[in-house]
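Please open the structure in your viewer and keep the selection tool at hand, since each stop on this tour begins with something to pick out and continues with what is found there.

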Amino acid sequence: MGEPMDLDVSSSGRKRKADDAISVINQPARIQKPAGGPTLDSTWNTRADLRYGADFNSAGRICPLRQDILVLPESFDLDIAVRNWAAADTKNANGYTTQVAPMQTRSGAGTIALGYMFSKDFDLTKRHIPQSLLASSSSLQSLRTALDQLALLYTVANPLVAHVAAVDYVPGSSGLVTDYATALTVAEELGLGLVSSSSAYEVQHMALFSTLLATVLPTIHIFDGINVGRDTLRVIDVLNQSGLSNAYTNVLKELPKAGKKADPEMKVEHLLNAFNNELGTAYGLFEYRGHSSPEIVLVVFGSVESSLATQVAERLSKEGTKIGVVNVRVYRPFAEEAFLKVLPASVRNLAVLGQVQDQVAVADVSSHSNLYEDVLAAVAFSEKWATSPPVADFKYARSEAFTPTSIAAIFRQITGKIADGERIELLSASQAQQYTFWDVEESAASTAPSAISKLLSGDSASNVVFSQTHDNLVQGGTIRTDIRSSKKTIEANYPVEEADVAFVGEEKLLKEIGVLKNLKNSGALIVKLPGVKDEDLEKKLSISVRNDIKFRSIQLFILDPTLSTAVGKDSAVETLLTELAFLKVARPDLVESAVEKLATINANVELLTEAAAYLETALRHIEIPEAWAEVEVDAEVPDLPRNIKSTSFTGFDKEDAELPSLLHDWQTAAKGLVFKEAYGTKTALRPDLSTKTYEIYVKENRRLTPMTYDRNIFHIEFDIGQSGLTYNIGEALGIHAENNVDEVNEFMKFYGLNPDDVVEVPSREDPTVMDTRTVFQSLIQNVDIFGKPPKRFYEALAEFASDENEKKELLTLGGPEGANEFKRRAEVDTITFADVLLEFQSAHPSFHDIVRIVSPMKRREYSIASSQAVNASTVALMIVVVGWVDPKGRDRFGQATRYLSELSVGSKVTASVKPSVMKLPTKDTAPLIMAGLGTGLAPFRAFVQYRAMQKAQGKEIGSILLYMGSRHQREEYLYGEEWEAYQDAGVITLLGRAFSRDQPQKIYIQDRMRQTVTDIIKAYIKEEGSFYLCGPTWPVPDVTEVLEEAIATDAKAMGKKVDSRKEIERLKEDLRYVLEVY
């Protein structure tokens, strides 16, 4: 490993070019001493280094031995360390200086390395010196030809080891993926050695062992390129240059003792034994962990896979589960005898966790993982058992990201003895403190976690692990940072799931990511909310977040940097204030001593002292009001993901290519219509939309709540006519709403636009195809002129401002320094694109530029409240109008709900259909148990209509239990008369009405369900009915609890022992527990 190197700070924060580069490095190596020999003290990187990983974990540092040639792709920053070696003129154990020559990764890549080794000018006295290739697994296919040729000429070639980061980028939703599948295939097909590192703590040893194995056959040393290869952590006892040199020499001397007739399997085993004897280690080709007498063993390969599976197996085996794990450290050559030797004789079943390329390969029952085929062959031809144990192939795609819980789920599938859905937490509060930071890339405080990590690592008794994930597709660039601190060495190559403290630097992230899902009960949440008062918190935090905070006893802290006058003088103060605020909440014991240490880390004593003076003012602890325990029946609460996806290792320059748009007069459009063939013109209904659309007409529009009530909930029914629109029960209708005509006319008049001018814009489906519409059509149907403008709009608009003051203000609003004012405009004043254009009148872009910089309108989807089997020509919806009053006293409305509420009978609407999970059981006699809150009742109206039709036809139908919830019966008894009529007709068996505010004590649907649990047991369990819940997410846990109680009660009465949670999961799989929540 040698002396610690600083990373190339100049490359920090820049995205590499798409075409990988390959570099040739002339660097024979550093080698090692026996165990107990010289070692290096662990060091912590500079602040810039933290962006790329630890001193030890920077991928370039794992090549410790005599490399003359190193080939590496630039795109994953694997070349940073070696470039520093070259720049510093660092000499290795053989006295050579590293030299780097970049090349592109493409077909035939690596042939320059072959040319170098086999050229006439090559010094044959160096033939014994190992060569090294440093690459990502995404480059292996391009290097395949060169590796194949090298393997054929290996008896007269230099030893070669390829240190490969298992990482690839998959366009689309997957982003960065851990790719072992490519290496497994290439190693098998070309006859290469393949060695895996299970953790950062052993990666230097495995790099050394792989270099030794390269004297037998070309070898790949692979390690996780997303987590293990990127995390920052302390590694002790790192062997220095002379220690590595001695170890390499001493182990290599033992190789001839294997005998001239020894095959590669015998040689690799002999080498590893000599390696262990030299270093005092206990590595195995295959390593077993788990129960002493397991009945089931899982075979795994890969860094995170082996680390997690081992920890989970050991945890479960201590609880009595007879399971174990075999970690395949050396996959090639596959020593079958060594593999069979580590398998306990008690094994009854084997399972293989094998990676394949994608979900298509996972679903293909005819294909198997590489690892499975080797394990199956070894077991099938073994005489260890009278009857060979069966081997199952548990395939997973490269995009799969494992956690302790997901690994436990695999064991559950194999054994069926582990509680279904049970969360497995490997690190208890006594073992480690865990923190998460969520921020946007452009945040002034996005670097604060790095400084905090460095501060915590200053304690020599602590082991700090720093992990960072970049998702450039969320909020223009979102960063998640995890920090774990422990007195013991820990292996935790997975996201923090039970954080003690979570910091959110951009409150909008709470609306896109389930941040609180990663925070433990009674944990602390710090949210940066500039300029927000306590009374305005409910406007900033969604009802689901507020409910979560209250119900889970989470402590809430608000950080308001604007309360510090120093922030206005220097934006760097915000970063320092964030660091201090976090420490005050997470580690109050360090605050006093931290100022001096953080000043050293941040290199600014004066600013840090000034920030500390405002800490008490800027950070406040919020007393959670009882009102946060109240729930809004119709509040939209989306089911947010608990994590972001890794799409990059750093941010990117946000310079999007802008497509042109053209403004023409009516004559131009007329030519296209008259001479369609010449101009390639096609007529389409809403060509700007990617979905299949239909024209339908309003048949009925009536308000369901009283005019005096503050909530306008209305029923709207459409005549489908000859449109061709069809829908199934439970599906949603997508409404392509239009802007208000009066407001559009007012805007065109103010802006000086001719409504009849024709605008051409690139199609969203194909940029080479131009969609033609009038200005009026565009503003009505396409351009979201009355929507909320993002920051980039202010920045784009600044280009058109002729007034310097206005231009400066627009640029400020579009930049980090204007974050507080931008938030006020967006969240408090609810400013629209039109408002901004009216305010900054010197910025007057032409209409084709407006089309370019203003966001397009999106469709809104609503659950269908009718059955087409009953009413073939109609489709109905139930909707609540979203409305509020802005600070200027103006009435504001949700664009789509207002549009629909104002439609008169006969109005034409553009619509589309979206599929749904809400489907009726296949058996008509299966009971329905339905729970709907507010407008969540809509799909159940369709269900009941259909069952009523069946009953009228003389068919036997199952019982229907309908539970409905709203605030008041008098005002919000939605479709109440219909439900009662259906009940009188014997269609609805039970009607459970919960009106939460009609009595002193709150009554919710779960209360009504609990009161009628006997009916639920009969319908749901005895008669095998299906349960449906539609509406907000907040009642899901309570409603599920009632169902679990019903299952447990029935099981007890039957004298059976049933795991209620597991039974609910089974019902989910059988589509008998269906949720459509938002």
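In this predicted model, begin by selecting strand β12, residues 296–300, together with strand β15, which pair in the parallel sense over five bridges. To see single rungs of this pairing, pick V297, which stands opposite L350 in β15, and then L298, whose bridge partner in β15 is A351.

Keep β15 selected and add strand β16, residues 391–397, which runs parallel to β15 and is joined to it by seven bridges. A useful pair to label here is Q355 and Y396, since Y396 in β16 is the residue that Q355 stands opposite. If you now colour β15, residues 349–356, by accessibility, you will find a strand that is mostly covered, with seven of its eight residues buried.

Widen the selection to the whole sheet. In which order do its five strands lie? The order is β11-β13-β12-β15-β16, in an open sheet with mixed pairing. The edges are taken by β11, residues 286–290, and by β16, and because each of these has a single partner strand, one side of each is left without a neighbour in the sheet. Looking along the sheet, you can follow how its neighbouring strands are turned against each other, by 25° on average when direction is ignored.

The next stop is a group of rings. Select Y180, F286, F301, Y331, F334 and F339, which ring pairs link into a cluster. Then add R332, whose charged end sits over the ring of Y331, at 4.4 Å from the centre of that ring. For another arrangement of this kind, move to R941, which lies over the face of Y975 at 4.6 Å from the ring centre.

Aromatic pairs can be found elsewhere too, and the count for the model comes to 25. A pair of aromatic rings is described by the distance of the centres and the angle of the planes. Select F437 and F582, whose ring centres are 4.7 Å apart and whose planes stand at 45°, so that the pair is tilted. F437 belongs to strand β17, residues 433–440, and F582 to helix α18, residues 572–586, so this contact ties together parts that are 145 residues apart in sequence. Are these two rings buried or exposed? F437 counts as buried at 3% relative accessibility, and F582 counts as buried at 1%.

From there, go to Y794 and F822, an edge-to-face aromatic pair with 5.9 Å from centre to centre and 85° between the planes. This pair links distant parts of the chain, with Y794 in helix α26, residues 791–798, and F822 in helix α28, residues 819–828, 28 residues apart. Y794 is buried, with a relative accessible area of 1%, and F822 is buried as well, with a relative accessible area of 7%.

Stay with helix α28 and turn to charged side chains. Side chains of opposite charge can pair when their charged atoms come close. The count of salt bridges comes to 43, and one of them joins E507 and K823, whose side chains meet with 3.5 Å from N to O. E507 lies in the loop between β20 (499–504) and α14 (509–512), while K823 is in helix α28, so the pair ties together parts that are 316 residues apart in sequence. Both E507 and K823 are buried.

Now select K550 and E626, which form a salt bridge with their closest N and O atoms 3.0 Å apart. They too link distant parts of the chain, K550 being in helix α16, residues 543–551, and E626 in the loop between β23 (619–622) and β24 (662–664), 76 residues away. K550 is partly exposed, with a relative accessible area of 22%, whereas E626 is exposed, at 60%.

In the loop between β23 and β24 you can also pick E630, which is linked to K1002 in the loop between β37 (990–995) and α35 (1005–1011), 372 residues apart. The side chains of E630 and K1002 meet in a salt bridge of 3.5 Å, N to O. E630 is partly exposed, with a relative accessible area of 35%, and K1002 counts as partly exposed at 33%.

For the last selection, choose E821, R824, R825 and E839, which are joined into one network by salt bridges that share partners.

Terms used:
Residues are numbered from 1 along each chain as its sequence is written. This is a predicted model: local features need pLDDT of at least 70, side-chain atom pairs count only at pLDDT 80 or more; totals for chains, interfaces and linings use all residues. Side-chain values use heavy atoms; hydrogens and water are left out. Rings of Phe, Tyr and Trp (its six-membered ring) pair if their centres lie within 6.5 Å; planes under 30 degrees apart count as stacked, over 60 as edge-to-face and the rest as tilted. Helices (H or I, at least four residues) and strands (E, at least two) are DSSP runs, numbered from the N terminus. Buried means under 20% relative accessible area, exposed over 50%, partly exposed in between (1.4 Å probe, protein chains only). A charge sits over a ring if NZ of Lys or CZ of Arg is within 6 Å of the ring centre and within 35 degrees of the ring normal. Two strands pair if DSSP finds at least two bridges between them. A salt bridge is a side-chain nitrogen of Lys or Arg within 4 Å of a carboxyl oxygen of Asp or Glu. Axes are lines fitted to C-alpha atoms, for helices over the stretch in contact, and angles run from 0 to 180 degrees between N-to-C directions.
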